[in-house]
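Me: I am new to this structure and would be grateful for a close look at a single strand. Please set it in the context of the whole chain and describe its cover and its partners.

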Amino acid sequence: MVARGSEVRPSAVRQSSPRNARGRGPRPSIARLAGLGAGGAALLALLTGCDVGRTFDGFGWPQQGISPEANRMYDLWIGSSIAALAVGALVWGLIFWCIIRYRKRGEALPVQTRFNMPMEFLYTITPILVVAVLFYYTAVVQTGVDKVRSNPDVTVEVVAFKWNWQFNYRDRPGEDANTVASTLGTTEVIPILVLPTGRSIRFEETSRDVIHSFWVPEMLFKRDVFPGNVRNVFEVSSLDTEGAYVGRCAELCGTYHSMMNFELRVVSPDQYDRFIEAKRGGQSTQEALIAVGEEPLAQTTHPFETKRDNNNFGNASAGS
């Protein structure tokens, strides 16, 4: 028994508060849940109705890809970025909501909750679903990018060496194919790789010395070029936009690595056919480009002064 006028011990209040707290406060109503769902749908419609990638500068990913594979990889990156931002906004929102909602108010001990099954289910299942969806779309895009056809329209052999490029136009895929035309880069002339729009193109890469890397930024990915018997093969289903695009070696391969550039020139199918015929007729790459109405020299890069002389290696100072 508790005498009249005596105070109830704080522990009694604390023990009884969880039981009494169960009935306090209305449960989330259906209208509130419907409002949250409508808000989420409106946000999704807003994100899909505008070019989010262009608005936010691709979230750091290069834009204006020139092949379907490049565009699929770009879309995957944008979707992944939006998903990451949505999860981050939710997590930070819950953190700040808890900080404000459950901040200290007086000396009373707040209701103690040992577990919450719906919440634990939510933060266990949601990450699994997010990872599963991202894995699925990544696998689909990667399979499409790595797809190799049995009979591509154009086959080009990319030969890398210190510190330049050779492009061999082949009559069919495979190492035993015949080269019908070739372009060889020199210190004075940047090599130009001419390819058509609207045709599937296979790249077969090999190196004469060390590992190089074939990279055209507008294709949105690069492929290593290995020496020896390894031939790295990849394809693009088409090139969609005509123009001149800079190409580079993206693997540190030696002293003049930074000067190992080339140019990808995308032309119409008719121009490409006439270019190959001109090359087969004995014309140089520059003469063949002029014959199809293209600029004969690279437009996106230029030969670098390599300074390959005695002073470059210190021999002059050693003898003085």
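Reply: Helices and strands are here runs assigned by DSSP, a helix having at least four residues and a strand at least two, and both are numbered from the N terminus. By that reckoning the chain holds eight helices and ten strands. The model is a predicted one. Of its 320 residues, 31% count as buried, where buried means under 20% relative accessible area.

Against this background, strand 5 may be examined. Strand 5 spans residues 201-207, and seven of its seven residues are buried. The cover extends to both faces of the strand. On one side lie Ile-201, Phe-203, Glu-205 and Ser-207, while Arg-202, Glu-204 and Thr-206 occupy the other.

Strand 5 also has pairing partners. With strand 1, residues 154-161, it pairs in the parallel sense over seven bridges. Within this pairing, Val-159 has Thr-206 of strand 5 as its bridge partner. Strand 5 pairs as well with strand 8, residues 232-236, here in the antiparallel sense and over five bridges. In that case Glu-205 finds its bridge partner in Asn-232 of strand 8.

Thr-206 and Glu-205 thus appear in both descriptions: Glu-205 is among the buried residues on one side of strand 5, and Thr-206 is among those on the other.

Returning to the chain as a whole, among contacts with a separation of 6 or more, 65% are between residues 24 or more positions apart. The accessible surface of the chain comes to about 20500 Å², and carbon and sulfur atoms account for 59% of it.

Technical notes:
Residues numbered from 1 in each chain as written. Predicted model: local features only at pLDDT ≥ 70, side-chain atom pairs only at ≥ 80, totals over all residues. Heavy atoms only, no water. Buried < 20%, exposed > 50% of the residue type's maximum accessible area, 1.4 Å probe, protein only. Pairing = 2+ DSSP bridges. Contact = heavy atoms within 4.5 Å. Areas by Shrake-Rupley, 256 points an atom, 1.4 Å probe, with all protein chains shown as cover.
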